[in-house]
Amino acid sequence: MKLPKHRANVFLVERRILDADGLHHNYTVVGVFPTVEGADEYAGACKQNFIERGYVEDDFTFSVIMSTYYDA
C-alpha cells in the first residue's frame, strides 16, 4: 500500500478511567488538535473539570498522544 502524500501530525487527548475492579481501563479520545500545546491545554482543562465534579485523581487520567492524519 502506498501512503498518501499529504499527511500531518495530530495530537489526541485520551481519557482513561479505571474500572471498579482496578484492573481494567476504559478509554476514549475526547479531542484532536493540530498542536501539542492546544491538546495539552485541553487535557488540563478536562482534568480540572473532573476534579471540580468530585472525581478522585487516582481514578482517571487525561493524556496527549501523537498520531498521523493522512489525506487521500
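Q: A nonpolar core is a set of buried Ala, Val, Leu, Ile, Met, Phe, Trp, Tyr and Cys residues joined through side-chain atoms within 4.5 Å; which residues make up the largest nonpolar core here?
A: This is a predicted model, in which local features need pLDDT of at least 70 and side-chain atom pairs count only at pLDDT 80 or more, while totals for chains, interfaces and linings use all residues. Residues are numbered from 1 along each chain as its sequence is written, and side-chain values use heavy atoms, with hydrogens and water left out. Membership also depends on burial, where buried means under 20% relative accessible area, exposed over 50% and partly exposed in between, with a 1.4 Å probe and protein chains only. The largest nonpolar core, eight residues in all, consists of Phe11, Val13, Ala39, Ala43, Cys46, Phe50, Phe60 and Phe62.

Q: Which element gives the most to this core?
A: Elements here are DSSP runs numbered from the N terminus, helices being H or I of at least four residues and strands E of at least two. At least two residues of this core come from each of β1, α1 and β3. The element that gives the most, with four residues, is α1.

Q: In what order do the three strands of the open sheet stand?
A: Two strands pair if DSSP finds at least two bridges between them. Strand β1 (residues 6-18) is joined to β3 by 12 bridges and to β2 by eight bridges, and both pairs run antiparallel. The order of the open sheet is therefore read from pairing as DSSP defines it. It is β2-β1-β3.

Q: Which residues of β3 and β2 stand opposite Phe11, Glu14 and Ile17?
A: On the side of β3, Phe11 stands opposite Met66, and Glu14 stands opposite Ser63. On the side of β2, the residue opposite Ile17 is Asn26. In turn, then, the three partners are Met66, Ser63 and Asn26.

Q: What angle does the direction of helix α1 make with that of β3?
A: Axes are lines fitted to C-alpha atoms, for helices over the stretch in contact, and angles run from 0 to 180 degrees between N-to-C directions. From one strand of the sheet to the next, the twist averages 30°. Helix α1 (residues 36-52) packs on this sheet and touches β1, β2 and β3, contact meaning heavy atoms within 4.5 Å. The direction of helix α1 and that of β3 make an angle of about 150°.

Q: Why is the pair of Phe50 and Phe60 tilted?
A: Rings of Phe, Tyr and Trp (its six-membered ring) pair if their centres lie within 6.5 Å, and planes under 30 degrees apart count as stacked, over 60 as edge-to-face and the rest as tilted. The structure holds six aromatic pairs, and in the pair of Phe50 and Phe60 the ring centres are 5.1 Å apart. This pair links Phe50 in helix α1 to Phe60 in strand β3, 10 residues apart. It is tilted because its planes stand at 55°.

Q: What angle lies between the planes of Phe50 and Phe62?
A: Phe50 counts as buried because its relative accessibility is 8%, and Phe62 counts as buried because its value is 16%. The two rings form an edge-to-face pair, 5.1 Å centre to centre. Phe50 lies in helix α1 and Phe62 in strand β3, so the pair ties together parts that are 12 residues apart in sequence. The angle between the planes is 90°.

Q: Over which ring does the charged end of Arg53 sit?
A: A charge sits over a ring if NZ of Lys or CZ of Arg is within 6 Å of the ring centre and within 35 degrees of the ring normal. For Arg53, the charged end is 5.3 Å from the centre of the ring in question. That ring belongs to a residue linked by ring pairs into a cluster with Tyr55, Phe60 and Phe62. The ring is that of Phe50.

Q: Is Tyr27 buried or exposed?
A: Tyr27 has its place in strand β2 and, not counting residues up to four places away in sequence, touches Glu14, Arg15 and Arg16. The charged end of Arg16 sits over the ring of Tyr27, 4.8 Å from its centre. At 55% relative accessibility, Tyr27 counts as exposed.

Q: What distance separates the C-alpha atoms of Ala8 and Tyr69?
A: Ala8 is found in strand β1 and, at 35% relative accessibility, counts as partly exposed. Leaving aside neighbours within four places in sequence, Ala8 is in contact with Ser67, Thr68 and Tyr69. Although Ala8 and Tyr69 are 61 residues apart along the chain, their C-alpha atoms are separated by 5.3 Å.
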